Amino acid sequence: MKKSIKFVVALTFVLATMLTACSGNTTNTESSKSASKTSAASTASTANTSGATKLDLSSITGEGDKLDKILAAGVITCATSPDFAPNEFIDISSGETKYVGCDMDLAQYIADSLGVKLEIVPMKFDAIKAAVTTGQVDMAIAGLAYTEERAKNMQLSDLFGNTDADEGQGIIVLKENVDKLKTADDFNGKTILAQNGSVQLDLTIAQLPKATCTPIADVNNGAMEVMTGQADGITIDLAVAKVMINTHKNLAISDFKFEYETKGNVIGCTKGETKLVNAINLVVKDVNDKGLYKQWKDKAVELAKSLGVEVDN
């Protein structure tokens, strides 16, 4: 692939954070006003684009009124942090800003199952918890692994997307240092970056106590810090790492791997909104039963390739 194309793609990922902070709201089909004061929003087409069957919600029970408000407004808002390919990232290849990836396909499937429009609200990962807990958004789909802390603060869906359980969490380093940074002890005294509010941050602090762990807002900016020598590594989901090292050829995945086991990710909603989550869980079950998330993830990887990101299968 030509270097110029790779540069454009890399720049696209880096721009995710910048676009979040911009006041100009960009949409998948047209400009729309933000549903959140803290970030821009992207409103998807009203057409059912996912092939989902609209749910019969007459028998859904539970606490909270968000589901009723969503149905009345005809829109569901979804927070995400679009710096985490192939789960969620930005595609500007058409000249328009589109939020894409397997998590975004899931969000669209949920919206279509409910019979409403989808509005994507991009923001920093560490802002998602506050947006959900304060009710600024209806749900968050952003590579959220289940944790007890998240369960205490958010109403979580059932698990989905158990496609990376055999990959886990690791560290990206400069390729020239990959033979020097292979064990936990090798990272003693080193500066390791991890996204603020993430499982990766908790793992780094707990399992590499002699390293200096520095929280960051954006993983793509973190990769740039590693490449420029400002940090020795960045802790990251290994499925995302595979995409990243094929974008940046001077990076590599360390042999060190965190002790970590996951059964998939969850969708976060405002605590107490059990009626909405019960409806979402019907969709999650449908997605799991049909194996749709794996299909969406494969498609997202292919999209990354089409944008110039060579991905190992």
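This report looks at the nonpolar cores of a predicted model and at one of its sheets.

## Ground rules

Residues are numbered from 1 along each chain as its sequence is written. Local features need pLDDT of at least 70 and side-chain atom pairs pLDDT 80 or more, while totals for chains, interfaces and linings use all residues, and side-chain values use heavy atoms, without hydrogens or water.

## The nonpolar cores

A nonpolar core is a set of buried Ala, Val, Leu, Ile, Met, Phe, Trp, Tyr and Cys residues joined through side-chain atoms within 4.5 Å; buried means under 20% relative accessible area (1.4 Å probe, protein chains only). The largest one here has 35 residues, and Ile-76, Ile-110, Met-139, Ile-141 and Ile-267 have the most contacts inside it. Among the elements giving two or more residues are strand 2 (75-80), strand 6 (139-145) and helix 9 (274-290). Helix 3 gives the most, with eight residues. Helices (H or I, at least four residues) and strands (E, at least two) are DSSP runs, numbered from the N terminus.

Beyond its neighbours within four places in sequence, Ile-110 is in contact (heavy atoms within 4.5 Å) with Ile-76, Met-139, Ile-141, Ile-267, Ile-280 and Val-283. A second, separate core has 17 residues, including Ile-234 and Leu-251.

## A five-stranded sheet

Five strands form an open sheet in the order 10-9-11-8-12, with mixed pairing. Two strands pair if DSSP finds at least two bridges between them. Strand 10 (212-216) and strand 12 (251-257) are the edges, each pairing on one side only.

Strand 9 (191-195) and strand 11 (233-237) run parallel, joined by two bridges; Ile-192 has Gly-233 of strand 11 as its bridge partner.

Technical notes
Buried < 20%, exposed > 50% of the residue type's maximum accessible area, 1.4 Å probe, protein only.
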